[in-house]
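Reader: Show me the model and go label by label. I want to know what earns each name.

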Amino acid sequence: MHLADRGTARRSTRLRRAARLAHHLSRVYASARVRCPRLGPRARGELAAAFAREMLDALGVRAQVRGRPYPTTDPVLVVANHVSWLDMYALNAVAGARFVAKSEVRGWPFFGTIAERFDTLFIVRGSYRDAARMRTEVARVLRAGARVVVFPEGTTSDGTTVGHFHPALFQSAIDARAPVQPVAIRYRDARGGPSPAPVFVGDTTVLESVGRVIREPSLTVEVTFGPPLSPLGLTRKALAQRTRRWIAGQLGIREGTVTRRRFAA
């Protein structure tokens with residue numbers, strides 16, 4: 001194929017992805033406003049997972065799963081490293097769950113409505129009182145048999161390191177006697193190397209990040225589930241350290257720091 005033909009094909013792919021994404025988001029928003037209030041928690045969760053799979057398909061992102069998510073019939077606190085807004089879609093697509101996000105998300109136009117109607121749990125960052133409230137709420141949700149996902153770094157990274165894990169929400173697993181399952185997330189390009197396309201750090205806006213994902217010729221999100229950790233006999237700090245150590249080991253990452261941007265829980 002000539003270079004001009006390749007360029008035309010790539011532009012066509014980008015336009016097709018953008019159109020599919022716009023159509024997908026309009027359907028999700030309409031469902032959030034109209035369908036979600038009529039559904040029970042389990043049905044809303046199943047619908048959210050289906051939409052997440054559609055999102056990955058619209059963006060041309062392939063999910064590669066290693067290990068096994070904890071059975072959906074049992075409560076579990078899923079803990080993952082945080083690289084991108086795309087992490088939540090990837091995890092929901094392969095292991096439907098409820099997510100903890102910063103309270104500001106609730107006020108976002110369009111996306112705030114979607115997050116709220118699909119049972120996102122919101123936490124006020126920097127508030128010890130609200131952290132205590134959220135620990136209690138997550139424990140309650142776990143006792144009810146749900147799978148809950150948290151990003152304990154409290155911020156995104158460029159994927160070259162795993163930051164400090166804040167231990168607060170690990171207490172929820174201890175209180176609910178629910179296991180903690182570590183999950184390592186990384187993104188690969190067409191050659192199998194690390195892809196910077198989904199990275200959401202620094203001054204990058206959501207639209208810029210989405211644009212990079214759309215322009216990436218081939219993108220794979222690799223989701224690796226680790227063995228569940230029992231919280232019995234452990235402190236929340238010990239649970240956080242063990243979970244972080246496993247995730248960092250899977251990613252081949254040592255201690256270090258990178259530029260980060262606060263985004264989700």
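Author: Start with a turn in the backbone. Gly-145, just after α5, has a positive phi of about 100°. This is a predicted model, in which local features need pLDDT of at least 70, side-chain atom pairs count only at pLDDT 80 or more, and totals for chains, interfaces and linings use all residues. Residues are numbered from 1 along each chain as its sequence is written, and side-chain values use heavy atoms, with hydrogens and water left out.

Reader: What makes α5 a helix, and how many residues does it have?

Author: Helices (H or I, at least four residues) and strands (E, at least two) are DSSP runs, numbered from the N terminus. Helix α5 covers residues 128-143 and has 16 residues. Four is the minimum, so α5 qualifies.

Reader: How do you know what span to expect of α5?

Author: The expected span is 1.5 Å times one less than the number of residues. For α5 that is 22 Å, and the helix reaches 23 Å from its first C-alpha to its last. The two values are close.

Reader: Which residues of α5 are buried, and what covers them?

Author: Asp-130, Ala-131, Met-134, Val-138, Ala-139, Val-141 and Leu-142 are buried. Their cover includes the strands β2 (76-80), β3 (98-102), β4 (121-123) and β5 (147-150), and helix α6 (170-176).

Reader: Why is Val-28 called buried?

Author: Buried means under 20% relative accessible area, exposed over 50%, partly exposed in between (1.4 Å probe, protein chains only). Val-28 has 7%, so the label is buried. Val-28 sits in helix α1 (residues 3-34). Discounting residues up to four places away in sequence, Val-28 touches Phe-51, Ile-114 and Phe-118; contact means heavy atoms within 4.5 Å.

Reader: Where is Ser-84, and why is Ser-84 counted as buried?

Author: Ser-84 lies in the loop between β2 and α3. Its relative accessibility is 0%, which is under 20%, so Ser-84 counts as buried. Beyond four places in sequence, Ser-84 touches Thr-156, Tyr-187, Pro-198 and Phe-200.

Reader: What makes the pair of Ser-84 and Pro-198 a polar contact?

Author: A polar contact is a pair of N or O atoms within 3.5 Å; within protein, one must be able to donate a hydrogen and the other to accept it, and residues adjacent in sequence count only if both atoms are side-chain atoms. A polar atom of the Ser-84 side chain lies 2.7 Å from the backbone oxygen of Pro-198. That distance is within 3.5 Å, so the pair passes the distance limit.

Reader: How do you know that β2 and β5 pair, and in which sense?

Author: Two strands pair if DSSP finds at least two bridges between them. β2 and β5 have four bridges, in the parallel sense, so they pair. Leu-77 has Val-148 as its bridge partner in β5, Val-78 stands opposite Val-149, and Val-79 stands opposite Val-150. β2 also runs parallel to β6, over four bridges; there, Val-79 is partnered with Pro-182.

Reader: How many bridges join β3 to β5?

Author: Two, and the strands run parallel. At least two are needed, so β3 and β5 pair. Arg-98 has Val-148 as its bridge partner in β5.

Reader: What order do the strands take in the sheet, and why do β1 and β4 stand at the edges?

Author: The open sheet has seven strands in the order β1-β7-β6-β2-β5-β3-β4, with mixed pairing. β1 (61-66) and β4 each have a single partner strand, so one side of each lacks a neighbour in the sheet.

Reader: Why is β2 described as largely enclosed?

Author: Five of the five residues of β2 are buried, so the rest of the structure largely encloses the strand. Val-76, Val-78 and Ala-80 point one way, Leu-77 and Val-79 the other. In β5, both faces are covered too: Arg-147 and Val-149 are buried on one side, Val-148 and Val-150 on the other.

Reader: What makes a nonpolar core, and how many residues has the largest?

Author: A nonpolar core is a set of buried Ala, Val, Leu, Ile, Met, Phe, Trp, Tyr and Cys residues joined through side-chain atoms within 4.5 Å. The largest has 35 residues; Leu-59, Val-61, Trp-85, Leu-86, Leu-91 and Val-183 have the most contacts inside it. Helix α3 gives the largest share of this core, five residues.
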